[in-house]
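Me: Got a minute to walk through this one with me? I'd like to start with the overall layout and then poke at a few spots.

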Amino acid sequence: MILKPDQRLKLDDTNDKLFYNYPRFVTHVDEAFIKQLTDVYRDRLKSNTRILDMMSSWVSHLPEEMQFAHVEGHGLNAEELARNPRLNHYFVQDINANPQLPLQDAEFDAVLNCVSVQYIQYPEAVFTEIHRILKPGGVAILSFSNRMFFQKAIQAWRDASEEARVELVKNYFASVPGFSTPEVIVHKSTTPPVLQWLGVPGGDPFYAVVAYKG
C-alpha cells in the first residue's frame, strides 16, 4: 500500500455526499489552467472515442471542436452533472466509500480526472479501477493545481509540496501493474505573487500526470 492509514485522513471526515450535496457552479481553477488542460486534451484525446470524466462537475473542459462517441460522467452532485453539456450519461458514486465502478472492463479509451485526485482516500483501488476500465493503449490524464477544499483533501496531499504531490500521483500509477511510466506536464505561473494575490489571472500552476495502459 502506498499510503499509511493516517495519510488517508481528512480534516472533515463527515460523509462526502453531504459536503457535495449542494451544487457549485464555479470553476475551481483559473482560465489559464483551463486553457492548458483543454490543450492537453486536444493533444492526447482522439475524436469518436469513449471518455470517462471521473469526479466531474458541470463542465469537462473538453475541446469544443472535438466530438466523442460517448462521454460518461461520474461525480457526487447530480445537479452539476446534469448541467454538463458534454456528458452523454452520468452516475453518482462516492468512490471513497466504494471504489468499484459500475463499468465494464476495457470500456473506455480515456479516463480524465480534473482537480480532484487530492480527495481520493484509496488511490490504490481507484487506479486499479482506472486500469481495468481502460482499453489497451488507453490514456489516463490526472490534472491538478495547488487549490483544494483543504478540509476534504487527504493528509498526504495537504502535507506535501507541489513537487511531492506530482510524485504522489506518479506513485499511484506505479502501484498498478500495466501502466506506462507516467509523464508529467508542468506549467508554472510567471505572474508575480503580488499580482496573484490581487486576483490577476494566470496564477494557478498547472500539473498533469499522464499514463497509458499497456
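**Layout first**

Reply: Sure. Going along the sequence, the protein chain runs α-α-β-β-α-β-β-α-β-α-α-β-α-β. That comes to seven helices and seven strands. Keep in mind that this is a predicted model.

Me: How much of the protein chain is buried?

Reply: Of its 214 residues, 52% count as buried. As for contacts between residues at least 6 apart in sequence, 70% of them join residues at least 24 apart.

Me: OK, the sheet. In what order do the strands sit?

Reply: The order is 3-2-1-4-5-7-6, in an open sheet of seven strands with mixed pairing. Strand 3 (89-92) and strand 6 are the edges; each has a single partner strand, so one side of each has no neighbour in the sheet. On average, neighbouring strands are turned by 15° against each other, ignoring direction.

Me: And strand 1 with strand 4, parallel or antiparallel?

Reply: Parallel, over four bridges, with strand 1 covering residues 50-54. If you want a spot to click on, Ile-51 has Ala-110 in strand 4 as its bridge partner.

Me: Switching to helices. What does helix 2 pack against?

Reply: Its buried residues pack against strand 4 (108-114), strand 5 (134-144), strand 6 (183-187) and strand 7 (206-212). The buried ones are Phe-33, Ile-34, Gln-36, Leu-37, Thr-38, Val-40, Tyr-41 and Arg-44.

Me: Why would buried positions in a helix be spaced like that?

Reply: An α-helix has 3.6 residues a turn, so residues three or four places apart point the same way.

Me: What about the length of helix 2, what span should it have?

Reply: With 14 residues (31-44) at 1.5 Å a residue, helix 2 should span 20 Å, and its end C-alpha atoms are 20 Å apart, which agrees.

Me: Then helix 4. Enclosed or open?

Reply: Largely enclosed by the rest of the structure, because nine of its 11 residues (the helix is 123-133) are buried. Among them are Pro-123, Val-126, Phe-127, Ile-130 and Ile-133, and also Glu-124, Glu-129, His-131 and Arg-132. The buried residues of helix 4 pack against strand 1, strand 4, strand 5 and helix 6.

Me: Helix 6, where does that one lie?

Reply: Helix 6 (residues 162-174) lies across strand 5, strand 6 and strand 7, at about 15° to strand 7.

Me: Any aromatics worth a look?

Reply: There are six aromatic pairs in the structure. Ring pairs join Phe-127, Tyr-172, Phe-173 and Phe-179 into a cluster. Phe-127 is also one of the buried residues of helix 4. Separately, Arg-50 lies over the face of Phe-108, 5.3 Å from the ring centre.

Me: Now the histidines. His-74, buried or exposed?

Reply: His-74 is buried, at a relative accessible area of 2%, and lies in strand 2 (residues 70-75). Leaving out residues up to four places away in sequence, His-74 touches Leu-52, Asp-53, Met-54, Met-55, Ser-56, Leu-81, Phe-91, Gln-93 and Ile-95.

Me: And which backbone angle stands out at His-61?

Reply: Its phi is positive, about 65°, although His-61 is not a glycine. His-61 is in the loop between strand 1 and strand 2, and is buried with a relative accessible area of 12%.

Me: What's the phi at Ala-106?

Reply: Positive as well, about 50°, and again not a glycine. Ala-106 sits in the loop between strand 3 and strand 4 and is partly exposed, with a relative accessible area of 34%.

Note on methods: Residues are numbered from 1 along each chain as its sequence is written. This is a predicted model: local features need pLDDT of at least 70, side-chain atom pairs count only at pLDDT 80 or more; totals for chains, interfaces and linings use all residues. Side-chain values use heavy atoms; hydrogens and water are left out. Helices (H or I, at least four residues) and strands (E, at least two) are DSSP runs, numbered from the N terminus. The expected span of a helix is 1.5 Å times one less than its number of residues. Buried means under 20% relative accessible area, exposed over 50%, partly exposed in between (1.4 Å probe, protein chains only). Contact means heavy atoms within 4.5 Å. Rings of Phe, Tyr and Trp (its six-membered ring) pair if their centres lie within 6.5 Å; planes under 30 degrees apart count as stacked, over 60 as edge-to-face and the rest as tilted. A charge sits over a ring if NZ of Lys or CZ of Arg is within 6 Å of the ring centre and within 35 degrees of the ring normal. Two strands pair if DSSP finds at least two bridges between them. Axes are lines fitted to C-alpha atoms, for helices over the stretch in contact, and angles run from 0 to 180 degrees between N-to-C directions.
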